[in-house]
Amino acid sequence: MRSSIQPQLGFAHLAELPCWQLRCGEASAVVSSYGAQVLSYQPSPGDELLWLSPQANWQQQAIRGGIPLCWPWFGPADPSILPDAASQPAHGVARTRHWQLLQQHCTESVAALTLHSIFTDLPHCPAPIELQLAVRLSKEALSVTLSSEQPLPQQAALHSYFKLTSPQQLSVHGLGNHYLDKVSQQECLDGASPARLENETDRIYLQAGSQLLVQDGAQGVVLQQSGHDSSVLWNPGPAKSKALKDVPDNAYQHFVCVETASLNWQTAPLQLSQTIARQAASR
Ligand SMILES: O=P(O)(O)OC[C@H]1O[C@@H](O)[C@H](O)[C@@H](O)[C@@H]1O
């Protein structure tokens with residue numbers, strides 16, 4: 001059976017949202033044109049790997065869940081690099097744009113599409129910059145690659161929200177033990193490995209490997225990444241969950257973000273990739 005790509009309007013409670021549904025064998029994925037955001041990935045029917053907030057919204061704001069794209073900066077805009085930083089949105093401008101379909105193709109073993117957007121109004125770059133997101137669904141895995149050929153000073157992150165059944169039982173392998181703790185504002189050189197969640201967890205790991213394992217109790221997700229210089233581990237904990245408007249109060253129990261990031265402001269073309277797959281059950 002060939003794989004397929006079908007346009008669809010709306011996904012979950014996000015009415016009227018223009019999306020594409022990709023299918024390949026038993027696997028399926030949904031990609032939104034708003035933000036070029038993967039919203040769902042099921043390697044087999046009913047086995048959802050990504051979390052989408054039941055209170056997520058779109059239009060004028062980023063969709064909370066799936067795989068948002070942070071670009072061309074990560075977190076709050078840096079005033080030493082970006083003019084008028086205070087008025088710029090957190091995590092950049094890619095996740096609140098409408099993107100266009102550039103190409104698609106289906107074979108028996110893959111459903112793939114590429115979306116693109118041209119940015120003409122970046123605060124630190126007057127020239128138009130084209131950004132592309134390639135999404136590739138196979139029977140075994142989902143890959144996303146964010147790329148730009150122009151050597152712009154930039155940061156980027158694939159800000160994946162993974163579904164969680166138990167925060168207490170989460171361990172993330174492969175991150176290394178050197179991180180910047182954004183909660184305590186301290187650098188930690190000898191963090192525990194594998195990483196586990198604290199009350200609020202917001203860390204930038206500076207020596208993350210190319211393969212991570214997000215182990216949630218008995219279930220695991222294998223994450224392969226390239227083009228990164230760091231990985232971010234984020235879970236808002238109880239107090240911040242309550243403060244966030246677009247998530248339920250207990251959202252911290254339902255997701256963890258493990259992000260593939262390029263944060264060094266390199267003036268170079270961008271090629272940032274993440275591939276996720278359900279870990280095979282051990283015999
Ligand atoms: O609410 P936003 O802008 O989507 O950001 C969510 C989180 O994203 C993470 O990547 C950051 O490390 C956190 O500091 C931030 O709170």
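Student: What joins β6 to strand β7, and how do you know that they pair?

Tutor: Between β6 and strand β7, which covers residues 111-119, there are six bridges, and the two strands run antiparallel. A pair needs at least two bridges, so β6 and β7, with six, qualify as paired. You can find one spot on your screen by looking for H105, which stands opposite A112 in β7. Keep in mind as we go that this is a predicted model.

Student: Which sheet does this pair belong to, and what is the order of its strands?

Tutor: The sheet is an open one of eight strands, in the order β6-β7-β8-β9-β20-β17-β16-β12, with antiparallel pairing. From one strand to the next, the twist averages 15°.

Student: Why do we say that β6 and β12 stand at the edges?

Tutor: Count their partners: β6 (100-106) and β12 (170-173) each have a single partner strand, so one side of each has no neighbour in the sheet.

Student: What is the order of the strands in the sheet that holds β1 and β4?

Tutor: That open sheet has four strands, ordered β1-β2-β3-β4, and its pairing is antiparallel as well. The same reasoning works for its edges: β1 (4-11) and β4 (37-42) each have a single partner strand, so one side of each is left free of a neighbour in the sheet. On average, neighbouring strands here are turned by 25° against each other, direction ignored.

Student: How do you know that strand β3 and β4 pair?

Tutor: Strand β3 (residues 27-32) and β4 share five bridges in the antiparallel sense. With at least two required, five is enough, so we call them a pair. In one of these bridges, V31 has V38 in β4 as its partner.

Student: Which residues have the most contacts inside the largest nonpolar core?

Tutor: That core has 80 residues, and A29, V31, V38, L50, L146, F162 and V258 have the most contacts inside it. Strand β2 (residues 14-24) gives the most to the core, namely six residues. L146 is a nice one to click on: leaving out residues up to four places away in sequence, its contacts are L69, W71, L131, L133, A156, L158, L270 and L272. As a rule, nonpolar side chains in soluble globular proteins tend to be buried together.

Student: Is V256 buried or exposed, and how do you know that?

Tutor: There are 23 other C-beta atoms within 10 Å of V256, and 20 or more are needed, so V256 is buried. V256 is found in strand β19. Beyond its neighbours within four places in sequence, V256 is in contact with F162, L164, L170, L197 and N235.

Student: What makes β18 largely enclosed by the rest of the structure?

Tutor: Six of its six residues are buried, so β18 is largely enclosed. S230, V232 and W234 point one way from β18, while S231, L233 and N235 point the other way. Such alternation between the two faces of the sheet is what a regular strand shows. β18 also pairs antiparallel with strand β15 (residues 201-205) through five bridges, and with β19 through five bridges. In the latter pairing, V232 has E259 as its bridge partner.

Student: Which residues are around the ligand?

Tutor: They are A62, G75, A90, H91, H159, K182, D202, V232, W234, C257 and E259. Two elements, β18 (230-235) and β19 (255-262), give two or more residues to this shell. The shell divides into five nonpolar, three polar and three charged residues.

Student: What kind of peptide bond joins W71 and P72?

Tutor: It is a cis bond, with omega about 0°. P72 has its place in the loop between β5 (69-70) and β6. S193 and P194 are also joined by a cis peptide bond, with omega about 5°. Most peptide bonds are trans.

Student: Is Q60 buried or exposed, and how do you know that?

Tutor: Q60 has 6 other C-beta atoms within 10 Å, and 12 or fewer is the limit, so Q60 is exposed. Q60 sits in the loop between β4 and β5, and its phi is near 70°, a positive value in a residue other than glycine. D84 likewise has a positive phi, about 60°, without being a glycine. With 10 C-beta neighbours inside 10 Å, D84 counts as exposed too.

Key:
Residues are numbered from 1 along each chain as its sequence is written. A residue is near a molecule or strand if its C-beta atom, placed from the backbone, lies within 6 Å of it. Ala, Val, Leu, Ile, Met, Phe, Trp, Tyr, Cys and Pro count as nonpolar, Asp, Glu, Lys and Arg as charged, and the others, Gly among them, as polar. Axes are lines fitted to C-alpha atoms, for helices over the stretch in contact, and angles run from 0 to 180 degrees between N-to-C directions. A nonpolar core is a set of buried Ala, Val, Leu, Ile, Met, Phe, Trp, Tyr and Cys residues joined through C-beta atoms within 7 Å. Two residues are in contact if their C-beta atoms, placed from the backbone, lie within 7 Å.
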